[in-house]
Structure formats: C-alpha cells, structure tokens
2 protein chains.
Amino acid sequence: MVAPLTTEQRTDALASLPHWIYDAHRRAFYRRILLKDFSAAIGLMMRVALEAEKADHHPEWTNVYNKLDIWLTTHDAGDVSERDVNLAKVIDALV
Amino acid sequence: MVAPLTTEQRTDALASLPHWIYDAHRRAFYRRILLKDFSAAIGLMMRVALEAEKADHHPEWTNVYNKLDIWLTTHDAGDVSERDVNLAKVIDALV
C-alpha cells in the first residue's frame, strides 16, 4: 500500500515540476511533450519505459506522431504518490 | 492525397480484420491488445513503431501497463484508407 500525497504535498511537488499539472479527473500528474517527430517520440518512450520498468512504476500514455501525453498515478494509492513525483523527475531528466 | 475507403470497402476490409472495429467517432480502425505485462506491451509497440516508420504511416495509441489501444486513421483522407488496412495487417502479424 502506497500513501497518496496530501493536497499540500501535491502542491509542493508540482512547484518543483513546472511542466506538470494535476489532472483531477484522472487523479494524475499530466504532461504533454512535443517532440520533433514520431521517431523522437518513440525514442523517448523507450527510454522512459526502461526507467519505469526498473522502478516498477508505469506511466499511462498516449502517442500521436510527435505528441506524447503522459499521466502518472498510483493505483494502489488511488491518487498520485511519491512514486509519481519520482517518475515525473526521471521523465523530465530524459526529455 | 489519399482516398478514404468507401463504406463498402471498409466493410470488406474489416471482414478480413476480425480483431478490428470501426470507431465512427474517431473515423479510425480500433483494436485493443492485452499483453502479458508492460514489457511485452512496450516490446510490441517498438516492433510496430519500426514498421510504421518504414511505411511512414503511424498509429495513434494508448498504453496502460499491459493494455494497448490502437487507432488507425489517415489524416490526409479524413478517414480510414488502404494505408490503415495495411498497417492493421502488419500489427496483427506482429501480435
């Protein structure tokens, strides 16, 4: 069981993650990334996938050509948790 | 410019693509694929990505852990075209 972030913790986390917003409907952190083309988008997805698998925490994502929409949430917590903060930071470092 | 399939052509195409349905809202062929886990889903996405790039025709897709939802449509045609039929066949062969 993973604890969800409190509203205050979530606000603090987003302050350090300027590319992410909180999607209240999906109870997830959300970021859209626009890449150069499909190849670049898939390349980024692969690099994120390796890190996600290593952390055993996986994104929900949609790719359309050069566009990548990512949602991070923790199903065990029913909302975002520290695990999503960590994965968001990993993704930001890879972009 | 790519011609969209006529309704009859689309019906014929789907008869040979039993895993796919026509998503009228998105004017796209749609298939959901359930894999063993995230690694398997990403592996399939990579194999599809290589073929898509080769054909210069790309899927719209969403991945959540072991689940992969794929929509195929041709923006130049404003609907599905022969290119989507071909990519659907390629995907089916890779699954």
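Let's start inside chain A of this predicted model, with the question of what covers the buried residues of α3(A). The cover includes α1 (7-15), β2 (28-34), α2 (38-55) and β4 (67-72), which belong to chain A as well. The residues under that cover are D84(A), V85(A), L87(A), A88(A), I91(A) and L94(A). As for the helix itself, α3 of chain A runs over residues 82-94, which makes 13 residues. At 1.5 Å a residue you'd expect a span of 18 Å, and the end C-alpha atoms sit 19 Å apart, so the expected and actual values agree.

Hop over to chain B and α3 turns up again, this time in a charged pair. D92(B) makes a salt bridge with R31(B), and their closest N and O atoms are 2.6 Å apart. This pair ties together distant parts of the chain: D92(B) belongs to helix α3 (residues 82-94) of chain B, R31(B) belongs to strand β2 (residues 28-34) of chain B, and 61 residues separate them. How accessible are the two partners, D92(B) and R31(B)? D92(B) comes out as partly exposed, because its relative accessible area is 21% and the buried class stops under 20%. R31(B), at 9% relative accessibility, counts as buried.

Another salt bridge to look at is the one between D37(A) and K36(A), with 3.4 Å between the closest N and O atoms. Is each partner buried or exposed? D37(A) is buried, with a relative accessible area of 18%, whereas K36(A) is exposed, at 71%. In chain B, D37(B) forms a salt bridge with K36(B), and there too the closest N and O atoms are 3.4 Å apart. D37(B) has 19% relative accessibility and counts as buried, since the cut-off is under 20%. K36(B), at 72%, counts as exposed. Over all chains, a search of the whole structure turns up 12 salt bridges.

Now for how the two chains sit together. Chain A lands on chain B after a rotation of 180° with 0.0 Å of shift along the axis, and the RMSD is 0.0 Å. That is the relation of a two-fold axis. Which C-alpha of chain A is nearest the axis? That of T62(A), at 2.1 Å from it.

What does this mean for the surfaces that meet? Of the interface residues of chain A, 100% are also interface residues in chain B, so the copies meet through the same surface. Each side brings its share to the contact, with 16 residues from chain A and 16 residues from chain B. Together the chains bury about 1400 Å² between them, and 70% of that is on carbon and sulfur atoms. Three residues stand out on the chain A side: F38(A), M46(A) and W61(A) supply 34% of the area that chain A buries against chain B, more than any other three residues.

How many salt bridges are there between chain A and chain B? The count is zero. Polar contacts do turn up, though, with three residue pairs across the interface of chain A and chain B. On the side of chain A that touches chain B, α2 and β3 (60-64) each supply at least two residues. α2(A) gives the most to that side, with eight residues. α2 of chain A is also part of what covers the buried residues of α3(A), which brings us back to where we began.

Methods. Residues numbered from 1 in each chain as written. Chains lettered and ligands numbered in written order. Predicted model: local features only at pLDDT ≥ 70, side-chain atom pairs only at ≥ 80, totals over all residues. Heavy atoms only, no water. Least-squares fit on C-alpha atoms with pLDDT ≥ 70 in both. Contact = heavy atoms within 4.5 Å. Helix = DSSP H or I, 4+ residues; strand = E, 2+ residues; numbered from the N terminus. Expected span 1.5 Å × (residues − 1). Buried < 20%, exposed > 50% of the residue type's maximum accessible area, 1.4 Å probe, protein only. Salt bridge = Lys/Arg side-chain N within 4 Å of Asp/Glu carboxyl O. Buried area = accessible area lost by both parts, 1.4 Å probe. Polar contact = N/O pair within 3.5 Å; in protein donor to acceptor, adjacent residues only side chain to side chain.
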